[in-house]
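Work through the exercises below with the structure open. Try each task before reading its solution.

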Amino acid sequence: MALPLEIINRASLAEKNRKVGKPQNLHKWWSRKPITAARAMLLAQLIDDPSSHPDRFPTEDAVRAERERLHRLIARAVEWDEITKPSSALMSALRPLLPDVTVTDPFVGGGSIPLAAAQLGVNSSSSDLNPVAVLLTKALVEAPSRFHNRKPVHPDNINAQLTDWEGSRGLVADVEAYGRWMHSQAATQLRPHYPDIDGFPTLAWVWARTVACPNPACRIDIPLVSKWWLAKKKGKETIIVPRIITDQSHPSGLRFAFSTSRDMNELPTSGIMSGRTGTDCLSCGSSVPVSHVREEGMAGRMGTALTAVVGDGGAGRKYYAPSDAHVSSANVPRPETPVSGEISSNPRWFSPPLYGLTDFSNLFTNRQLTALTTLSDLVAEAREIALKHALNTGSELGEPLEHGGSGAEAYADAIGLYLALSVSRLSNWSNNQCSWEANGEVSQQMYSGQAMGMAWDISEANVLGEKNSGSFLASLKSIVDPLRMAHLQGDHHVLQCDARKAPLANHVVATDPPYFDNIDYSDLSDFFYVWQRRILGQVFPDLFRTMLVPKGEELVANAHRSGGKDTAASEFLAGFAEVFDHLRESVSPEFPIVVYYASKQAESLGGGNSRWSTILQAMVDTNWQVVRTWPIRTENASRRVAIGNNSMSTSTVLVLRPRPADAPRVSLSTFLDDLRASLRSALDELEEGGVAPVDLQQAAIGPGMAVFSQYGAVIEADGSPMTVSAALIRINEALDEVVNEQEGDFDPPTRFAIQWYRYRGYAAGPFGDADDMARGRNTSVGAMEREGILVTRAGKIELISPIKLPGKYDSVGNPHISHWEVLHHSIKALEIDGIAAAGDLLRGVISRADGGVDVDMVKELGHVLFRIAEANGWTKDALSFNTLVTSWPELLEIAHDSKNMPTAQGSFDFEDDE
């Protein structure tokens, strides 16, 4: 069925920008799709469009009315309150519409799709080759649904006054209770290693890595720091101040000592370490190249020095110089059985091995390893206690969770699962790749992105703290908070399996497969796997049977592992084709399959092929037909990195059905005629759906491929079948034709300005050329100068860019306005005074007695000008056009607000106050 795309896109972007309070925040995973988008896509996949039931909806009006009702339901389903606290009214309305099916995602990853199914009460059975992904989805979906409405077993909870254990409340209460017990036991064992500072709890110890100066005449141990800042908040600025003191115990006779200061005059102006350029010695001034730092690290001669201690002062952070007591508190013997495993040496994703940190145990200080192994061992004890308590309530022992049990042993396994994930999550916040963030004054996690970088200054958080960043209790809270939102229904399972062999018979497939080589999932997740295996190896023996995450069958184009890009690409595409061939043979024919994909056209594989074209070719070759595409916004489309880099802010959701065996073979001319006709209507739908200009070319592939893939083959002029790569070229050419056709719909001054901008941008050009061009479009240079579109001087004319527009603009009283000037003044209002000012400007346009201009055409103009700017490499212009279009829904919401609708003259003054 069709979708209210703009509403879904706004909800998806809002979710993506939401930092806390999301179910998926339970544990780190990479490139999760928004749960809002997953819910909407699933509803569209499972609910028939009313046009397919002429017996129930015999007229166009009846179809339209029912479709609008379904759109309202989907729009409500993506509201955040309905995700965190679902209403019975919505569920009652949706339940009769949803078929009794099982949804499957053979690349389950972070679990967004089965979570969406469980929230909607649709059964799921998903899989992934990666054990970490399987474990996270078990925690996110399988365990909460298995123990839905389960009463707690911890004695404190049994004796509590609360009698309503609806949903996940009982499970949450028990996880919290056993987690608190773990914290208490760990504090008893570890407290001497985590001393207070000046009577305040210590939040973190800030360390710097050190190497000897390469200058033979110096040889002092140089601190490698990325910044000297501890706090940057206005009025609370604090820095680290290094100084050199005598130390006869060191071969150089000197060492660095550190203090903290609020005096910005003491801020060092050098000594900053960069992984690209190195640093310089603050003692002798010698350059310290990266090669020297790597040599020292590989030789095991990289050390650490304590540079500051952070205390919780109650009203704010307090910063202290290091003391001998705090240095000695970190002198902890290394645990006898720490985690172990070789870190990937792929330099694209992993930097520590370049500096001698080749094993996962090297990523932790001795104190961190001691704390994490202590907590790991306590998980097993807590599980045994939970099992005893569960049996005391009269529950049968039953089968373990791994074998589908729901009795006492399975419940204890679930408790152990969440406690283990608390420790696994903590490992990301308690290792020697974490750093201190001076803006927020918090300790940061290692995996803030999808690579393992090299931290020079280390923030060692207090794991025993009361919910401070990097503490066990903060990690526990991050586990139970999403669990509180687990209002799940249905039967759900997740297993470890290669997607090429996944049990899919008669299932409905919705999947988010790997994006070629965008993310190195298995190597990245090894970091968590070694801890999870240590804690849960006996609870889930089948899941953790290998030393590290399986990699041989992983469907990722890893050139480092495969021995080159060509081999990696071939292996990936062959595997991708096998997966879609398996889907073709196994899935339910009644429902389409949905595939999320975000690869970009410009990612070339050589030979005229892109990653996107080869992936689509695999789908076409395995006899799938693209019947629909939906662009879903999953990133901030106005971000500068997206402009000029073909960087996707929108995922393309492909809807596929098996192509009929008797699909016709057609000529090139037939294909092109059908393509142009399809793109004309599709382009309007894409723009109305909120597709960002930066993504329009990519999103238009969908309707283009829908035309191409419906045929058994498109025959080229030479008699050969057209490839997907060739089809994409034709689709892009047809898109340009259709976009150019749109220019005829604009008013004459705008048509002139578009043409002038195409060749000159905002640069000056000959008056005579402009005059001829204007006459041909039934306007004049003089009229456009009076309207503020251009300026003339010294025989030249130039279009006025938004930033150079005059300070005042009357969008109500101006006798003549054009699409061009409304667009440009809207951009200036948005960039200078914000979204409210731009919305007010559009409100004035809409309120004009003469009807003004069609504001939807203003948005369309933004698309046209973006394509021109991007083609010419005018990045700043492209960013402005893209930002306006992606802000359009919010602007219209303000513009259509009936409050304060202008009735007389309205103007905007952009001049500085004097």
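Two exercises follow, on a predicted model.

**Exercise 1. Place Ser126 in the fold.**
Task: Find which strand holds Ser126, decide whether Ser126 is buried or exposed, and list what Ser126 is in contact with beyond four places in sequence.

Solution:
- Step 1. Locate the residue. Ser126 sits in strand β2, which covers residues 123-128.
- Step 2. Check its accessibility. The relative accessible area of Ser126 is 2%. Buried means under 20%, so Ser126 is buried.
- Step 3. Look for a polar partner. The Ser126 side chain reaches the backbone nitrogen of Asp105 at 3.1 Å.
- Step 4. Collect the contacts, leaving aside neighbours within four places in sequence. They are Val103, Thr104, Asp105, Val108, Pro114, His493, Val494 and Leu495.

**Exercise 2. Describe the whole chain.**
Task: Count the helices and strands, then judge how compact the chain is against the globule rule.

Solution:
- Step 1. Count the elements. The chain has 30 helices and 28 strands.
- Step 2. Compare the radii. The radius of gyration is 31 Å, and the globule rule gives 29 Å for 914 residues. The values are close, so the chain is as compact as a globular protein of that length.
- Step 3. Add the burial. Of the 914 residues, 58% are buried.
- Step 4. Check the contact range. Take contacts between residues at least 6 apart in sequence: 73% join residues at least 24 apart.
- Step 5. Turn to the surface. The accessible surface is about 36,400 Å², and carbon and sulfur atoms hold 48% of that surface.
- Step 6. Place the charges. The mean positions of the 86 positive and 111 negative charges lie 3 Å apart.

Technical notes
Residues are numbered from 1 along each chain as its sequence is written. This is a predicted model: local features need pLDDT of at least 70, side-chain atom pairs count only at pLDDT 80 or more; totals for chains, interfaces and linings use all residues. Side-chain values use heavy atoms; hydrogens and water are left out. Helices (H or I, at least four residues) and strands (E, at least two) are DSSP runs, numbered from the N terminus. Buried means under 20% relative accessible area, exposed over 50%, partly exposed in between (1.4 Å probe, protein chains only). A polar contact is a pair of N or O atoms within 3.5 Å; within protein, one must be able to donate a hydrogen and the other to accept it, and residues adjacent in sequence count only if both atoms are side-chain atoms. Contact means heavy atoms within 4.5 Å. The radius of gyration is taken over C-alpha atoms; the globule rule is 2.2 Å times the number of residues to the power 0.38. Accessible areas come from the Shrake-Rupley method with a 1.4 Å probe; for residues, only the protein chains shown count as cover. Lys and Arg count as positive and Asp and Glu as negative; His and the chain ends are not counted. The place of a charge is taken as NZ of Lys, CZ of Arg, CG of Asp or CD of Glu.
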